[in-house]
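Work through the exercises below with the sequence and coordinates open. Each task is followed by a solution in steps.

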Amino acid sequence: MFTVERLGPQALGLLLDLQERIHAALPDGSVFQRSSADFLSYCLAEGGRCYAVRHRGETVAYRVVYFPRDREFNLAKDVPLPAEEYARVAHWDTIAVLPRWRGHRLSALMNARALSDLRETGIRHLFATSSPRNPHGVRSLIAAGFRPVRLVVKFGGNQRFLFYRPFPGGWEPAGDDAPDDAQDHTGGKLLPLSATGDLEAAFGSGWIGTDLHMGVANATNGTDGTAPRLRMRRRSLPFGT
Ligand SMILES: CC(C)(COP(=O)(O)OP(=O)(O)OC[C@H]1O[C@@H](n2cnc3c(N)ncnc32)[C@H](O)[C@@H]1OP(=O)(O)O)[C@@H](O)C(=O)NCCC(=O)NCCS
């Protein structure tokens, strides 16, 4: 039985410990940006929302939501969102599940709770980042209604997708049912997450990501030979020019 709880300031030590354990177990630590104690303290107090999943008394996962308000670190500055909207921005910051507990849809559980709680606030714009080398992170954000809209450089020179989700309404449906080939008949296209040059060019010419194809399991090499690919469609951001 998994239960989601909102955390208060007393949980700082718990989050610092969890993030170290999860980071140490990652094959590529550069995909997971660890937070400072100051940042987590702000989010645990009035500057955000933090959640944990408990299972038989153990904390097995957490999610951090951050309200940048007038602070320097605001992902909205990477897109033409008018500055008067910054007070209504939230970041879907870190999410992490202990390795032993992955595959139980705990990211979806925490995201659903966090989205539901935000309805009582004036938040209208959600931003997030994920490394193109982290397909599980990308997939979790897309499942929560986010769409990658840019490639940006963050966190000491690491490339990240920038994700956006209007709130509470979400993106208009994009017809994500096109066949699984490189350039489909509906005008969508599929690009490998590793093709960052092509992805950057596509974002720059009015495409956004709408769906992720992980590749099909294969007994020999783990996948069907296709790397995870992002389905893209021509869409405009719902603000700016
Ligand atoms: C992103 C993350 C939170 C998703 O975890 P989750 O909620 O347990 O994922 P799901 O339950 O939706 O898993 C879907 C599938 O992907 C698999 N999966 C999820 N994360 C995986 C990972 N990091 N490595 C390998 N497989 C993974 C699950 O086992 C599951 O497989 P199944 O469909 O065969 O059962 C988790 O991968 C994680 O903690 N990663 C490390 C931290 C991180 O990168 N966070 C994102 C950036 S802040």
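The exercises cover the ligand shell, a sheet, the nonpolar core and some backbone features.

The model is predicted: local features need pLDDT of at least 70, side-chain atom pairs count only at pLDDT 80 or more, and totals for chains, interfaces and linings use all residues. Residues are numbered from 1 along each chain as its sequence is written.

**Exercise 1.** Find the residues that surround the ligand and the elements that supply them.

Step 1. Take a residue as near the ligand if its C-beta atom, placed from the backbone, lies within 6 Å of it. This gives 19 residues, the closest being R102, G103, S107, H136 and G137.

Step 2. Assign elements as DSSP runs numbered from the N terminus (helices: H or I, at least four residues; strands: E, at least two). Two or more shell residues come from each of β4 (89-97), α3 (106-118) and α4 (135-143). The largest share, four residues, belongs to β4.

**Exercise 2.** Give the strand order of the open three-stranded sheet and place the helix that packs on it.

Step 1. Pair two strands if DSSP finds at least two bridges between them. The order is then β8-β10-β9, with antiparallel pairing.

Step 2. Because β8 (189-192) and β9 (207-213) are edge strands with a single partner each, one side of each has no neighbour in the sheet.

Step 3. Four bridges connect β8 with β10 (residues 229-234); L191 has L230 in β10 as its bridge partner.

Step 4. Count a contact when C-beta atoms, placed from the backbone, lie within 7 Å. Helix α5 (residues 196-204) packs on the sheet and touches β8, β9 and β10. Its direction makes about 140° with that of β8 (axes are lines fitted to C-alpha atoms, for helices over the stretch in contact; angles run from 0 to 180 degrees between N-to-C directions).

**Exercise 3.** Which residues does C50 contact, leaving aside neighbours within four places in sequence?

Solution. The contacts are L7, A11, L15, C43, L44, Y62 and V64.

**Exercise 4.** Locate R56, F155 and the cis peptide bond in the chain.

Step 1. R56, not a glycine, has a positive phi of about 45° and sits in the loop between β2 (48-55) and β3 (58-66). R56 is exposed (12 or fewer other C-beta atoms within 10 Å, placed from the backbone), with 7.

Step 2. F155 has phi near 50° and lies in the loop between β6 (147-154) and β7.

Step 3. The cis bond joins F167 and P168, with omega about 5°. P168 is in the loop between β7 (158-166) and β8.

Notes. Two residues are in contact if their C-beta atoms, placed from the backbone, lie within 7 Å. A residue is buried if 20 or more other C-beta atoms lie within 10 Å of its own, exposed if 12 or fewer, and partly exposed in between; C-beta atoms are placed from the backbone.
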